[in-house]
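Open the model in your viewer and keep the selection tool at hand. We will walk through it stop by stop.

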Amino acid sequence: MRIKSIEDLLEIKKNILNKRKNEENMIIIKVSLATCGIAAGGKHIKEYIIKKMNDEGIKNYIIKDVGCMGYCYLEPTIEVMLPGYQPVVFGRLDKEKIDEIFEKYINRHEIVDGIVPINYNTI
Amino acid sequence: MSYQRYCLICRSSKCNKFSNSIGENFKEILKEKELKESVKVVFTECFGLCNKGPIVKIMPDNTVYTGVMPMDVREIVEKHLIKGEKIERLIHQENKPKQIKIVLRNCGFIDPENIEEYIEKDGYMALAKVLKMSRTDLINEIKLSGLRGRGGGGFPTGLKWEYAYNAKGDEKYVVCNADEGDPGAFMDRSVLEGDPHSVIEGMAICGYAIGAKKGLVYIRAEYPLAVKRLAKAINDAREYGFLGNNILGTDFSFDIEIKYGAGAFVCGEETALIKSMEGERGEPTSKPPFPAEAGYWGKPTNVNNVETLANIPVIINKGANWFNKIGTEKSKGTKVFALAGKINNVGLIEVPMGITLREIIFDIGGGIKDGKKFKAVQTGGPSGGCLTEKDLDTPIDYDTLLAKGSMMGSGGMIVMDEDDCMVAVAKFYLEFTVDESCGKCTPCRVGNKRLYEMLEKVTSGKASMEDLEKIKLLSNVIKDTALCGLGQTAPNPVLSTITNFWDEYLAHVRNKKCPSGQCKELITYTINKDKCVGCTACLRVCPVYAISGKVREPHVIDQEKCIKCGACYTTCKFNAIEKK
């Protein structure tokens, strides 16, 4: 699909944004998977999250690989965005922590220990 | 059960001292007030405000309280949570976070292997915009933005582009320098792994500006994931028509090729980088001619660093006048730093130019590990120098760092605490440059090697005062006479530690002692007879059988045999081993 003009580009962007609207009811999980995140075990965390989703029968979720979130000292890290909520970052993950996040945050929307406060501005 | 409100308590680094008792108090008082069911106490990671800690945040009204002590908790519960009155004296006044993500705007937020996610975040809009601009207007916009090269030197990017634009040649090249080699630096890798399209877009814009049809990314093969994601991004960009012939229906054509480096530090120097791309040995050439006149295959070439290029789309989208309001008078925008070393919050950060080291280390970085004392921070990697306590409040930009005997460099920032020996640090960096010297010019090849040997004499207690004078002299000679940036800057760590930590050099030379106890050859381990219970633990761990003694009788270390590994020191449970 070659974009041949600026109008095409704007059209494509519009389509992408429309597609995102269909994702508004989805749980979106981003896993920090740059070299550092992978080295810290991010891929295992991702697999475990997918397994948990299957076990719990949750289907309305999207999981994606993203780059470095900047929190080297907290790796592995993920960002969870529940429908209608602001994204929340969790760090120092292991299976037990993921279990807790599922039990309390994903199922009951209850914030758990160890969330990472946003300490930056972006554009 | 669902909670209506949350009390977030920071449990990170400095706040950690009080977080438990603050938490306990909250729980107790919430229980007393029968709010336990509706307010939850949550411990969080760092807020990046460690200097003002301990931090408590009330959600969902997002009130941040600083300097909260356990005894303040009752007031917070009674006034804020019950009556809804905020406590003015504790409220965090300045609500501007210290970090601004411009280069890292998408890093960690989008899927780097999905071009649609980049387009969603205004990706390639800047390219579309510039294709309607004249080349000189575009270059003027970059000049107006005040952007300077993020690879280390800080040369004004707009001016560099203008030189390449004005240079005559049938073919021109845009080169992205992704040869990140400083120990402890990972900014470029993170950008390429997290947001490769921003670099591709920056390169295409630069290509249009200077009139190049071809771009090259010089990246080290030891960054396999960055290479993989970049290659995928280039293919996707080509498929979508952001690269290739007649981009977005205009007559501008531009494509990008990846060139792999073998990981030689000197290839980060632009002339050596170009030689390496041509298939020759990565050796620098003397300037002039600058790459803008005669670069890759003798054609006009513009070399920019990854971070510099990632800034370009934002400058175009937001305007130069937006960008140049961030930062200091002569250094605009932000800088990405890789915070490493003896610091609590090791991480990748992006801060506006002009921020102080204190804010970076003690707020964002969460202070020094294990409550130790800050000693120095090395900026600019092996080419830079160290900054100390007295520099903590200096606003950081290209010029202030140079004036302090260090440099911005590409953004590695290694923090050292009281346990680090500064002579050993200087020796470490020098060893790196000695290894990485290409060997072309004598000052660097021979000079740095001799300088290293002299430092070795210092750390082993064999140096004289005369040697120290020689170290100073040789450092300055190398600085003045080496061919390229690598050699010219190699003695910087030595010179800056001599300036800032002369006492430590003197201690090694005059007293034959290493004040931080790091230089093995100057340490002696002895057993304190009064404390030793004769448990034989040290005797059993000693790898060279230097410890002898009978059970329940004090042991002794044979200094002749001791290799100073410190195994006994860490094993002894009675603090009977003394390190001097």
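The tour begins with the whole model, then visits each chain and a few chosen residues.

**Before you select anything**

This is a predicted model, in which local features need pLDDT of at least 70, side-chain atom pairs count only at pLDDT 80 or more, and totals for chains, interfaces and linings use all residues. Residues are numbered from 1 along each chain as its sequence is written, chains are lettered from A and ligands numbered from 1 in the order in which they are written, and side-chain values use heavy atoms, with hydrogens and water left out.

Colour the model by pLDDT, the predictor's confidence in each residue, from 0 to 100. Chain B has a mean pLDDT of 93, and 100% of its residues reach 70 or more. For the complex, the predictor reports an ipTM of 0.94 and a pTM of 0.91.

**Stop 1: chain A**

Select chain A and show it as a cartoon. You should find 4 helices and 6 strands; these are DSSP runs numbered from the N terminus, helices being H or I with at least four residues and strands E with at least two. Follow the chain along its sequence and the order is α-β-α-α-β-β-β-α-β-β. A box of roughly 50 × 30 × 25 Å along the principal axes holds its C-alpha atoms.

Of its 123 residues, 54% are buried. Here buried means under 20% relative accessible area, exposed means over 50%, and partly exposed is in between, with a 1.4 Å probe and protein chains only. Contacts are heavy atoms within 4.5 Å; among those in chain A with a separation of 6 or more, 62% join residues 24 or more positions apart.

Now select Pro87(A), in the loop between strand 3 (78-81) and strand 4 (88-90) of chain A. Is Pro87(A) buried or partly exposed? Its relative accessibility is 31%, so Pro87(A) counts as partly exposed. Setting aside neighbours within four places in sequence, Pro87(A) is in contact with Glu79(A), Val80(A) and Met81(A). For a sense of distance, draw a line to the C-alpha atom of Glu11(A): the C-alpha atoms of Pro87(A) and Glu11(A) are separated by 27 Å, and the residues are 76 apart along the chain.

**Stop 2: chain B as a whole**

Switch to chain B, where there are 22 helices and 18 strands. Its C-alpha trace spans about 85 × 75 × 40 Å along the principal axes. Chain B has 580 residues, and 60% of them are buried.

**Stop 3: two loops of chain B**

Select Asp72(B), which sits in the loop between strand 4 (63-65) and helix 2 (73-83) of chain B. With 7% relative accessibility, Asp72(B) counts as buried. Beyond its neighbours within four places in sequence, Asp72(B) contacts Gly67(B), Arg89(B) and Leu90(B).

Next, go to Gly123(B), in the loop between helix 3 (115-120) and helix 4 (125-130) of chain B. Gly123(B) is buried, at a relative accessible area of 1%. Which residues does Gly123(B) touch, not counting those up to four places away in sequence? They are Leu9(A), Tyr118(B) and Glu201(B).

**Stop 4: two helices of chain B**

Highlight helix 7 (residues 187-194) of chain B: 8 of its 8 residues are buried. Met187(B) and Gly194(B) are among them.

Then move to helix 13 (residues 357-364) of chain B, where Leu357(B), Ile360(B), Ile361(B), Asp363(B) and Ile364(B) are buried. Show the surroundings as well: the cover over these buried residues includes strand 5 (99-101), strand 10 (334-341) and strand 11 (347-352) of chain B. After helix 13 of chain B comes Gly366(B), with a positive phi near 75 degrees.

**Last stop: the cysteines**

A disulfide is a pair of cysteine sulfur atoms within 2.5 Å, and the count over all chains is 0. Why is Cys176(B) not bonded to Cys206(B)? Cys206(B) holds the closest cysteine sulfur, but at 10 Å from the sulfur of Cys176(B) it is too far for a bond. Cys562(B) is in no disulfide either, and its nearest cysteine sulfur, in Cys568(B), is 6.4 Å away. Cys176(B) is buried, with a relative accessible area of 0%, and Cys562(B) counts as buried at 17% relative accessibility.
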